[in-house]
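Biologist: Please take one part of this chain and go through it closely, residue by residue where that helps. I would like to see how that part is put together and how it sits within the whole.

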Amino acid sequence: MKIPFSRIGNEDSYTVEKKDDKYLIDAIFSFQIKDRNLLHSLLKIRGSIKIPCNSCLETVSIQIEEDIEFLLSDGVYKGFHDEFDVVEIFGGVSLEEILLGELELLESGDYHKCESCQNIELDLEF
Ligand SMILES: [Zn+2]
């Protein structure tokens, strides 16, 4: 589902669910209009993701509780924003796509290990 950029109003919020074999996610986008072509977005992600352990490839369920702020620009963003990332939108806002991109970042950002691999690591420290 794509929402026309101009259709998003100030203080609008949208709920997006992503639930399948891998994801069990509830997300809320809240928008504030900064400019005619610029929206501030607060994305709250809650839930869990199943991913393979980095050591033994056993499936680990990681809990997600993230609040992410960024800006949405209708078309090319001219300039530079030092506080937030700017996501350029062409032909409508796809909240599912934005959410999926953020989830992929969360998955790749940390080093995930299952409980038994974490325990092995702890044992080695002593
Ligand atoms: Zn493991």
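**The hairpin-linked strands of the sheet**

Modeller: Val-16 stands opposite Ala-27 in β3, and I will use this pair as the way into the sheet, bearing in mind throughout that the model is predicted. Further along the two strands, Lys-19 is placed opposite Leu-24 in β3. The two strands concerned, β2 and β3 (residues 23-35), pair in the antiparallel sense over seven bridges, and the connection between them is a hairpin of three residues. In general, strands of a sheet pair through backbone hydrogen bonds, in either a parallel or an antiparallel arrangement.

What does the sheet around this pair look like? It is an open sheet of five strands in the order β2-β3-β4-β5-β6, and its pairing is mixed. Its edges are formed by β2 (13-19) and β6 (85-89), each of which pairs on one side only. Between neighbouring strands of this sheet the average turn is 30 degrees, with direction ignored.

How many of the residues of β2 are buried? Of its seven residues the number buried is zero, so the strand lies largely in the open. Burial here calls for 20 or more other C-beta atoms within 10 Å of a residue's own, and no residue of β2 is buried by that count. Over the protein chain as a whole, 13% of the 126 residues count as buried.

Leading into this edge strand is the loop between β1 (2-3) and β2, and Glu-11 lies in it. Although Glu-11 is not a glycine, its phi is positive, at about 70 degrees. Glu-11 counts as exposed because it has 8 C-beta neighbours inside 10 Å, where the limit for exposure is 12 or fewer.

On the other side of the pair we started from, β3 also forms a hairpin with β4, and two residues lie between these strands. Their pairing is antiparallel and extends over twelve bridges; within it, Asp-26 faces Arg-46 in β4. Taken together with the first hairpin, β3 is thus linked to β2 through three residues and to β4 through two.

The next step across the sheet is from β4 to β5, again an antiparallel pairing, now over 15 bridges. Leu-38 stands opposite Ser-73 in β5 as part of this arrangement. The two strands form a hairpin with six residues between them, and in that hairpin Leu-57 takes a positive phi near 70 degrees. Leu-57 is found in the loop between β4 (38-52) and β5 (59-74), and its positive phi belongs to a residue other than glycine. Is Leu-57 buried or exposed? Leu-57 is exposed, since 10 other C-beta atoms lie within 10 Å.

Seen against the whole chain, these strands belong to a set of seven, accompanied by two helices. The elements run β-β-β-β-β-β-β-α-α from the N terminus on, and it is the helix at the end, α2 (residues 115-125), that holds Ser-116. The C-alpha atoms of Ser-116 and Cys-53 are 9.9 Å apart, although 63 residues separate the two along the chain. Ser-116 is nevertheless exposed, because 12 other C-beta atoms lie within 10 Å. Glu-121 lies in helix α2 as well, and it too counts as exposed, with 11 other C-beta atoms within 10 Å. From Glu-121 to Arg-46, 75 residues away along the chain, the distance between C-alpha atoms is 28 Å; Arg-46 is the residue in β4 that stands opposite Asp-26.

The overall dimensions give this sheet its setting. The C-alpha atoms fill a box of roughly 55 × 30 × 20 Å along the principal axes, and the radius of gyration of the protein chain is 18 Å, whereas a compact globule of 126 residues would have one near 14 Å. Among contacts between residues at least 6 apart in sequence, 47% join residues at least 24 apart.

Terms used. Residues numbered from 1 in each chain as written. Predicted model: local features only at pLDDT ≥ 70, side-chain atom pairs only at ≥ 80, totals over all residues. Helix = DSSP H or I, 4+ residues; strand = E, 2+ residues; numbered from the N terminus. Rg over C-alpha atoms; globule rule 2.2 N^0.38 Å. Contact = placed C-beta atoms within 7 Å. Pairing = 2+ DSSP bridges. Axes fitted to C-alpha atoms, helices over the stretch in contact; angles between N-to-C directions.
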